[in-house]
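Here is a short report on a structure that may be new to you. Look at the sequence and the model first, then read on.

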Amino acid sequence: MNQSVKKMVSSVLVILMTMVFTACSSAPQNSSSKSVSSGEKSTAQSETKQETSGEIPTVTIWGSGGQEVRESLQAVADAFNVDADYNTKAKVEVQFVVSGTSEQSLVDRITAANQAGETDTDYDLIALDDSGISPIIAQNGEDFFVPIDTTKIPNYENVVFKDNIIGDTFVPYRGTTVMLAYNSEVVSNPPKTTEELYQWIKDNPGRFTYCDPSTGGSGYTFATTAIYNQLPEEAATSPDTKWKTEHTEEWDKGFSLLAELHPYLYQTAGKVQYPMKNAGSLDLLANKQVDMTTAFVNMVLTNKSMGTLPESIKLQQLDPAFSGALAGFTIPKIGKDKEAALSVIDYYLSYEAQSISWNTMYASPVVDTNKLENLDHSDWLKETNISTLRYFAIGSLQKDIAVRWTEEIAPLAQ
Amino acid sequence: MPNLKLDIQGLTKKYSAKEGVGNINLQVNEGELLTLLGPSGCGKTTILRSIGGFNKIDSGKLILDGQEIQTLPPEKRPTGMVFQSYNLWPHMTVYENMAFGPKLRKTPSAQIKQQIADMLALVKMSGCEKKYPTQLSGGQQQRIAIARALMLKPSLLLLDEPFSALDAKIRAQMRVELKNIQEEAGLTIIFVTHDQEEAMAISDRIAVMNQGCIEQLGSPTEIYNNPASRFVAEFIGEMNFVEDTNGTLAVRPEDVVLKPASGEGMARIQNVMPLGHYTQIVLSCRNGAALKAFVPKEQALYFTENQAVDYIFNHFRHFDVLAHTA
Amino acid sequence: MINQKVRPWLPWLMVLPAFSIMLFVVILPIFNTVFKSFHNTSGELTLENYTYFFGSAEAFQSLIFTAIVALAVMILSVVLSFLLALYLRFSKSWISRLLGKLYLLPRFIPGIAAVYAVMNVIKDSGTINRVSMSLGVDFKPGLLYDIKGIILCNLWFSIPFAAMMMSAALSAVNDSYIESARDVGSSWGSILTKIILPLTYKDIIVSATFVLMGQIGAFTIPYLTGPNNPKMLGILLYQQAATYMDYERAAALSVLIFLLCLGGAIVYIRANMRDEVWERGK
C-alpha cells in the first residue's frame, strides 16, 4: 500500500516536473503574461485612489526594447516630473520590458489585460516603433489604439516628420535609422549606394554581415531595403498587402538578391552564419571579424561614446537609404486618463526632451536639430542627420519579410 | 617452538608528527589469534591496514610466510580482511559475494559452489546463498564477511573491529564462534579491537597499544596480572591506584580483601552494588581516596553501607613515581 | 496520543501553497496550451497545427538536430562528470579537495553571463584565437555558431549538475566495499564494473534524464551560440511565436516537446521506481 502511494506520488511529481521543464524553457506565451508582479498591481490600485481624491494622475509609459531605450524614456520622465509646467498635469512612470528577457511579454501583457475586459488599466501610453505596434494590433484589433488629437499637443508643431506619419493613432518621439557601419581603418572608400554595397560584399567575401532579420531591426532593414528597392516608393508607407500579393516578381527579385549575396557573407565554422540581434553584428564589427555591417545609428554612437566600439568605426548613409522608422507613442483604449497622456506626449516632443533623448541614447531627434541645446557630441548629430529619413510603415508585411527570409534565406546557412 | 607466520620489522607509517605508528616490531605465530588492543587513535588499525596493503608504509618490512609483502598491492597479498561494517556488496547475494574472489581467479564453478557450502557450514549460515545482505542481521552479515574472506584460503586473516557494530549479546556469541572457527580451520588471525573484555576473551596474545607504540605484548593472563605500565594497568580490567610514599600500588578490586573492623577501621563502606555472581563495594579510605573491592556474593552479606572495615591487598603491583607518566 | 488525533488538515495545509502555485502557473497554462494547440486562429477545432510539423522538413531536421545535441550533451556530461565524481570521491589530494570546492561554481553564475563568458573564449576572435595569435598562428576554433558551441556551453551547466548527483551517489559507496573487493583480488576495472556501477547506475540514469530533458526544450544557449540552421526545437518554437506570430502552432509544438520530455520522464520514473531485491528492507 505504502509502495503504491509512493509510486503514485512520485509519478505525479515527475510529470509535473517535466511540465515545468517544458513550460519554463519553451513556452513564452504561456508564462510571461503571468509574470506581472504584485508590486505593479498595487501601484495601479493606489493610483486609482489618488485619482478619485483629485490628485495629479499618474501616466504610465510602457516600453520594450534595449536597456538604452529604457534609460532614455526614464531620463525624460524624470525631467517631466520636476518640470513645474508639466508636473501639475501628470506624474510619469516608466514600465519597461527589456528585450532578451521575455520579449513577447509586453504584447502579451497588453493582450491579456485587454482580453480580460479591463478598461481602466495603467497602460496609458505605449512607446514602441512601428514593428512593435503591429503585433499588438494583430492581437487586439485595428481599433485598439485611440486617435490622438494633435491639436491638444502644442509641441507637435516641432515635429519635422509629420508627412511620414500614417493614421492618427501614432505620434513619433524619436527616429530609428539604420546606416552602414564600417571600419575606416580597413575601408577607406565606403559604398555610397546600395549597388556599390552589393558589389563591395561580393568583392570582399566574408567581410560583411547583417543579423538575422527576425532578431534585429538592422538585419531586417537590410532585407527590407533589398525588396523595397524593387517596388514603387509609395509601397514603403503602405501596409496594404497588395504590395506583396500583386508584386511577387519584385519580392522574388529581392529575395534572389539576398540569396545571391548569401555566400559572400561572414562565415564561421566553415559556413555562413547570420548573427543574432543587432548587438551580434556590431560585436563582429568591433572584433574585426567583419569590416562592415548594417547598424542602428544610435547603437553605434552609444557604443562609441562608451568606448566599446573604436573611434575608427564610421557611419555611412546609402542612396537609396536603408529603411528607417519612427518610434512613438500610442494610446490604448484600455488606458485610464487619456487627457493626461497627451500632456506627457507633449513634453517628449519639447526641444529639451529631445536633447535629453540624444544625450542618453543618441536617439535621432524628430524635431529641428538646430534648435537643440546642450548636446553631447553634436558633431555626430551632423554626421547622422536623418532629415532624409526613408520612412517605412508596412504593417503586417514586416512579418511576411521575416517569415520569408526565415524560410528561404536562413536554410542556405548550413 | 611455534612457527613464525608474520614478522613485522620496524614498521613506520606516519600521517603527521603525532598520528601514525613508529618502529613497530611484532611477530605473529602460526595458528595464533593475536589482538591489537588500544584506545581509538593508538595506531592499531594503521598496523592492520598496512599488513592488508591498504596503507602504503613509510619504512619497515612485513614478512609473511618468509616473503616480503610490504610493496604488494592488497589484491596480491595472501591476506583476508574483514572490516568493521559494510563488508558485503549490497547488490550481490551471499553466493555472489562469496564467489566474487574465486571467480576472478577462474576457479571452476562446481568447486566454488562446494567451497561456499563448506564455508557457510563453518560459520553456521548454511542455506542462505540466495539472500541479500540487507535480508541478514548485522551478526549474520559479519559471519558471511568472515566466510567470504576465508574463501580464498588466506594465509593470514585480518579482522578490523568486526563486532563493534553489533549489540552486546550478539558480540559475546560471535567471539565464541570466531574462536571455534579459528580452531576448526587452523587460522592465524590478527584481530583489532578497543574492547579489552573482547580482547581478553578471544586472544592467544594481546599487544596493548598506546600512542603509536606497543606498550606490552603477552598472554591475556600476563597482561592482566602483570601490567607492564600504568597505562596497561588502567586500560585492562578494573584497577585501584593507591598512592604510596614510593609511588603507586596497583590493586585489582578482586585482590582487595575486606573484613569488618572493630573500631574506626581503615575505611568506611560508601556503596554496595550486587553485580550478579560478585558484589562491588566502594570504600572511602581515611585519606579520602576511594577504593573498589569485588567480593563473592556470599561474603557480601556481611557488609552494609557506612560500615567500618579493614582491608588488605592480596596481590599488587608497584609503579615507581617515574612510571606515572606511562 | 493526543498529538496524533489533532490537525489532520495540517499536511494538506502545508501542501496547499505549493500546489496552488503549481495549479496556476503550471497546470492551467498547460491545459490552455493543449487547448490552443487544437484550434486555429478563428477558434475552430483542427489538427492542422500538428500536421504542419509532421509534414515539415525543417521541423524534422530540427528534431534530429535537437536529438543529436541532447544525446551528445547527455553522454558527454554523464561520462565526464562520472569521471570527475570518481576523482573527487577517491582522490585525497589537494587538487581533488580544491576541485571539490570549485566544481559547483558554474551553477552559481547567472546563465547569460556564463554563456557570454564561454562565447568570449571560443569565438573566432576570442581568447583561444588571441592566444594562438600571440604564438604566431591565426587559429580560428570555429566552435561558436555551431553544434559544438551549443554542446560546449551546455556542458558548462550540465557537468556540475550531473557531477553533484553522482558525487551524492558515490558517497553511498563505502570505502569498505572497494577495499573488500581489492582484498579479494579485484582490479580497478572490475571494481568499477562490478561494484561501483551497479551501486550507482540508477543515479546515473536519473542525472542523464535530467540533462536530456533540459536540452530538449533549451532556448537561451542554442539561441546565442547555435547556427542559423538547423535549429533546436526551442528556437523553432520561439520562431513560431516571434517571427510567425502563430501562437496556435507554437502551442502545438510546445505539446510535442512536452511529449518528448515525457519520454524522458518515463525513463526517469522507471529507473527510480525499479525496486531491486537488494534494496528492500533498507
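How many helices and strands make up the secondary structure of chain B? Chain B has nine helices and 18 strands. Helices (H or I, at least four residues) and strands (E, at least two) are DSSP runs, numbered from the N terminus.

This is a predicted model, in which local features need pLDDT of at least 70, side-chain atom pairs count only at pLDDT 80 or more, and totals for chains, interfaces and linings use all residues. Residues are numbered from 1 along each chain as its sequence is written, while chains are lettered from A and ligands numbered from 1 in the order in which they are written.

## Chains B and C

Chain C holds 13 helices and zero strands. Its elements, read from the N terminus, run α-α-α-α-α-α-α-α-α-α-α-α-α. The table sets the two chains side by side. A residue is buried if 20 or more other C-beta atoms lie within 10 Å of its own, exposed if 12 or fewer, and partly exposed in between; the C-beta atoms are placed from the backbone. Two residues are in contact if their C-beta atoms, placed from the backbone, lie within 7 Å.

| Property | Chain B | Chain C |
|---|---|---|
| Buried residues | chain B: 39% of 326 residues | chain C: 41% of 282 residues |
| C-alpha extent along the principal axes | chain B: roughly 80 × 45 × 40 Å | chain C: about 80 × 75 × 30 Å |
| Share of contacts with a separation of 6 or more that join residues 24 or more positions apart | chain B: 63% | chain C: 70% |

Chain C has a radius of gyration of 24 Å. A compact globule of 282 residues would have one near 19 Å. The radius of gyration is taken over C-alpha atoms, and the globule rule is 2.2 Å times the number of residues to the power 0.38.

Chain B is assigned domain 1 (4-231) and domain 2 (240-325). Such bounds come from an automatic or database domain assignment. The C-alpha centres of domain 1 and domain 2 of chain B lie 39 Å apart.

## A sheet in chain B

Six strands of chain B form an open sheet in the order β6-β7-β8-β3-β9-β10, with mixed pairing. Two strands pair if DSSP finds at least two bridges between them. Why do β6 (79-82) and β10 (213-218) of chain B each have one side without a neighbour in the sheet? Both β6(B) and β10(B) stand at the edges with a single partner strand each, so one side of each is left without a neighbour. On average, neighbouring strands of this sheet are turned by 20° against each other, direction ignored. Their axes are lines fitted to C-alpha atoms, for helices over the stretch in contact, and angles run from 0 to 180 degrees between N-to-C directions.

At one edge, β6(B) is joined by four bridges to β7 (residues 156-160) of chain B, and these two strands run parallel. B:Met81 has B:Leu158 in β7(B) as its bridge partner.

## How the chains meet

Which chains share the most contacts among the two pairs that touch? Chains A and C do. No contact joins chain A and chain B, whose closest C-alpha atoms lie 18 Å apart.

Chain C also touches chain B: 20 residues of chain C are in contact with 20 residues of chain B. On the side of chain C, α9 (175-183) and α10 (188-216) each supply at least two residues. The largest share, six residues, comes from α9(C). By class, this side of chain C has seven nonpolar, seven polar and six charged residues. Ala, Val, Leu, Ile, Met, Phe, Trp, Tyr, Cys and Pro count as nonpolar, Asp, Glu, Lys and Arg as charged, and the others, Gly among them, as polar.

## Chain A

Chain A is assigned domain 1 (54-176 + 325-379) and domain 2 (178-323 + 396-412). Their C-alpha centres lie 28 Å apart. Across the boundary, 12 residues of domain 1 of chain A are in contact with 10 residues of domain 2 of chain A. Helix α6 (residues 130-140) of chain A gives the most to the domain 1 side, with three residues. That side has five nonpolar, six polar and one charged residues.

Is helix α11 (residues 277-286) of chain A mostly covered or mostly open? Mostly covered: eight of its 10 residues are buried. Among them are A:Leu282, A:Leu284 and A:Leu285. The buried residues of α11(A) pack against elements of chain A including β5 (178-183), α8 (217-228) and α12 (297-306). Just after α11(A), A:Lys288 takes a positive phi of about 60°.
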